[in-house]
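Let's work through some salt bridges together. Grab your viewer and try each exercise before reading its solution.

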Amino acid sequence: MKVMGIVAGRHNGNSEILVKEALLACQEKGAEVTLINLFDYNILPCTGCESCTMNMGEVAMGKGEYRGCVLKAKDDVDKLIAAMQQQNGIIVGVPTYDLMPSSVYTRFAQRFLAYELAFLLKIGAVKEDPHTVAGLIAVGGSCHDWQGLTLETMAASMFTQSIYVVDQMMATRNGRPGNVLLRDDQLSRAHKMGENIITAINTPVEERGWLGDPDQGLCPNCHGGLIFKGEPHWDGIQWPFECAVCGAGGDLVRGEDGRVRFVPAEDGLCRDRNVNECRDKHLDEIVQTRIDFFERQEEVQAKYGRYKDLKFKTVEV
Ligand SMILES: Cc1cc2nc3c(=O)[nH]c(=O)nc-3n(C[C@H](O)[C@H](O)[C@H](O)COP(=O)(O)O)c2cc1C
């Protein structure tokens, strides 16, 4: 059993302490553990060049070889993701900055696209699916009201790696480094997360399920707390409400106990981003958008000049 801790917080900070506590539990159960702090690595931002997805499309059509990310030799991300793709479990600890995960984490996670696990497995670049499970820890100085996007954004970063999130915790009211040492409940919850990760690893893949707080979040599918009013998708599909994280579609229903619940529709999990086949539907959308764009090149080029030639005053530094 291999478990890796990934920390995006300060050295000796609250995220690092909680991830270490969770890793201790994994180690006690016999796992080989590794810990990385993203501050120690050179992580360049995704350039948005789309070379990876364009190249993936070519390879899928039998043309050429996959070259990977254009930044592959320029920073440490290639090595970090290669190590991550060998883990049975990961435990990710990220501080909340402005309600959301700190940019050190999002900068790392937004490089995952070029390393989409399902694709690398298909072309044989990764030999074996590790069926990695994850525990996510959000850490903030405040309560949930000031951390409303952190766990959900972290969970949303797991799809491209086909990582199944089995547990999440939000550590609240931790400001200065070491603050969490005053919160025994949070330390023991992190320890429990480590145990949950080992339980999940030892459970057959098809029988794995959520091991966190059963009451967490509104979505019964991913336990995310962000439900929004549904709008038509590119192919017309629509539900009254949707989960912003996993893409489940359904309605908000008040039960006999007076509680409002999000109830997925009968076909409400057909866009579940956790499921590779359902996520492929999104690939169809991307391909359609791209075909439409390339078919209408004359129109695009005719309009492009106006914007390419348009210059405004900028800030000199
Ligand atoms: C730029 C910045 C923005 C922050 N914004 C929030 C916030 O919106 N909500 C919150 O709960 N804590 C916020 N915090 C507090 C940190 O999440 C908190 O100090 C946390 O313990 C840091 O984790 P670390 O010790 O692992 O680095 C912010 C801190 C910084 C530096």
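**Exercise 1.** Asp 167 and Arg 189 meet in a salt bridge in this predicted model. Work out which elements the pair links and how exposed Asp 167 is.

*Solution.*
- Step 1: check the contact. The N to O distance between the two side chains is 2.5 Å, and the cut-off is 4 Å, so the pair qualifies.
- Step 2: place the partners. Asp 167 sits in strand β6 (residues 164–171) and Arg 189 in helix α7 (residues 184–201), so they are 22 residues apart and link distant parts of the chain.
- Step 3: look at accessibility. Buried means under 20%. Asp 167, at 0% relative accessibility, is buried, whereas Arg 189 is partly exposed at 23%.

**Exercise 2.** Now take Arg 279 and Glu 116, and find out which parts their salt bridge ties together.

*Solution.*
- Step 1: the side chains meet at 2.9 Å, N to O.
- Step 2: Arg 279 belongs to helix α8 (residues 276–295), while Glu 116 is in the loop between α4 (103–109) and α5 (117–122), so the bridge ties together parts 163 residues apart in sequence.
- Step 3: Arg 279 counts as buried at 13% relative accessibility, and Glu 116 counts as buried at 17%.

**Exercise 3.** Which residue does Asp 257 pair with, and how exposed is that partner?

*Solution.*
- Step 1: Asp 257 forms a salt bridge with Arg 261, with the closest N and O atoms 2.8 Å apart.
- Step 2: Arg 261 has a relative accessible area of 34%, making this residue partly exposed.
- Step 3: for a network, turn to Asp 292, Arg 296 and Glu 299, which are joined by salt bridges that share partners.

Terms used: Residues numbered from 1 in each chain as written. Predicted model: local features only at pLDDT ≥ 70, side-chain atom pairs only at ≥ 80, totals over all residues. Heavy atoms only, no water. Helix = DSSP H or I, 4+ residues; strand = E, 2+ residues; numbered from the N terminus. Buried < 20%, exposed > 50% of the residue type's maximum accessible area, 1.4 Å probe, protein only.
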